[in-house]
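Please open the structure in your viewer and keep the selection panel at hand, since this tour moves from one selection to the next.

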Amino acid sequence: MREGRLLRAIAAPWARLTRAQSLLWARKWGTLVGFAALVIFFSLLRPSVFPTVQNWSNIIEQVATLAIVSVMVTAVMVTGDFDLSVGALASLAGVVAVDLMANHGVPVMLAILIALLVGVVGGAMNGLLVAYGGLSAFVATLATMTAYGGVALLYTDGATLFSGIPESFRWLGQGDVAGIPTPVIVMLVMVFLAWLLMEHTVFGRRLYAIGGNAEASYLVGIAVQRLRLAAFVLSGFGAALSGVILASRLFSAHPQAGNPFMLGAAAAVFLGATAFREGEPHVLGTVLGVLIMGVLGNGLNILGVNSYIQSILTGVIIVLAVLISSLSRRR
């Protein structure tokens with residue numbers, strides 16, 4: 001009897017919700033609930049493996065590089081543009097860093113800085129084509145994606161670079177500070193900086209204004225072209241940083257190693273756009289999207305699901321996320 005009264009007391013607030021309020025709640029929190037459902041699902045199927053501290057450490061470490069590039073791509077997508085070149089740019093930056101260290105004797109730190117500069121220049125090229133050249137972001141970054149990928153292949157002659165790399169380079173991708181893996185520390189710093197920049201500065205608010213209405217933003221005096229260029233530079237920097245960390249983790253550089261970042265980052269940003277806010281990309285949502293991708297991949301690996309099926313599921317998730325995001329924007 002007491003249990004019945006308790007259940008009715010818990011259910012009463014939900015029963016009072018109107019249909020519109022329920023839909024609004026579902027749009028705002030549905031992605032987070034979906035993430036929790038995934039965690040519970042895999043935990044129930046593999047209780048001795050999935051919910052362990054070791055496994056969660058692995059998930060966070062594995063998604064660190066994807067999170068870095070994704071939160072930076074968010075800046076571009078906030079303005080209503082898109083960056084298809086991040087995967088190729090990450091590969092190119094990793095190749096440049098490793099080649100400079102292994103084949104030209106360049107000190108580790110200088111090689112990393114040059115690789116990051118490559119990312120910045122690549123991002124700036126995208127921004128110039130889109131913001132000042134008038135090309136659509138899709139066409140421009142599709143073209144540069146092909147070009148950056150070609151440069152990486154030409155630079156390495158299609159081979160993987162793995163010999164002659166200084167041992168100190170390993171620390172960036174495989175080291176730790178007080179037991180916390182270095183990539184995770186870099187990820188936390190980049191997520192915090194991106195969140196601060198996008199949510200608590202004039203720069204971030206203006207990017208959102210451009211995404212809402214670029215023409216109106218221009219008319220009120222916002223430097224639309226310059227800010228769109230800056231967003232692409234941030235995206236290029238994030239891609240290069242992820243590429244260098246990935247090269248350190250693998251302790252080698254392949255001219256196509258970073259290619260999966262492109263689809264992964266898109267999926268994370270679109271998934272994040274369905275969380276907390278209605279159809280609007282934002283940093284915390286992107287982090288949730290990255291975690292969903294990481295949990296899904298880890299859980300399916302633990303269950304022994306074929307990698308081809310994982311790719312199909314990733315594609316389905318992207319389509320659903322874009323669809324939900326698009327419907328939210330219309331409302």
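Select helix H5, residues 108-132, in this predicted model: at 1.5 Å a residue its 25 residues should span 36 Å, and because its end C-alpha atoms lie 35 Å apart, the expected and modelled lengths agree. Next, within H5, colour the buried residues, which are Val-108, Ala-111, Ile-112, Ala-115, Leu-116, Gly-119, Gly-122, Gly-123, Asn-126, Gly-127, Val-130 and Ala-131. To see what covers these buried residues, show the helices around them, including H4 (86-104), H6 (137-156), H7 (170-174) and H11 (224-250). Just after H5, stop at Gly-134, where the backbone takes a positive phi of about 80 degrees.

Now select Phe-169 and display its contacts: leaving aside neighbours within four places in sequence, Phe-169 touches Val-108 and Ile-112, and also Val-98, Met-101, Val-244, Ala-247, Ser-248 and Phe-251. Phe-169 belongs to the largest nonpolar core, which has 74 residues, and together with Val-69 and Val-244 it touches the most other members. Helix H3, residues 53-78, gives the most to this core, with 13 residues. A second core, separate from that one, holds 17 residues, among them Phe-35, Ile-59, Leu-288 and Val-295.

Finally, turn to the surface and select Ile-309, Ile-312, Leu-313, Val-316, Leu-320 and Leu-323, which make a nonpolar patch of about 510 Å². Is Ile-312 buried or exposed? Ile-312, which lies in helix H14 (residues 307-330), has a relative accessible area of 54%, and because the cut-off for exposed is over 50%, Ile-312 counts as exposed.

Methods: Residues are numbered from 1 along each chain as its sequence is written. This is a predicted model: local features need pLDDT of at least 70, side-chain atom pairs count only at pLDDT 80 or more; totals for chains, interfaces and linings use all residues. Side-chain values use heavy atoms; hydrogens and water are left out. Patches are made of residues with over 30% relative accessible area and no salt bridge: like charges are joined within 9 Å, nonpolar side chains (Val, Leu, Ile, Met, Phe, Trp, Tyr) within 5 Å. Accessible areas come from the Shrake-Rupley method with a 1.4 Å probe; for residues, only the protein chains shown count as cover. A salt bridge is a side-chain nitrogen of Lys or Arg within 4 Å of a carboxyl oxygen of Asp or Glu. Helices (H or I, at least four residues) and strands (E, at least two) are DSSP runs, numbered from the N terminus. Buried means under 20% relative accessible area, exposed over 50%, partly exposed in between (1.4 Å probe, protein chains only). A nonpolar core is a set of buried Ala, Val, Leu, Ile, Met, Phe, Trp, Tyr and Cys residues joined through side-chain atoms within 4.5 Å. Contact means heavy atoms within 4.5 Å. The expected span of a helix is 1.5 Å times one less than its number of residues.
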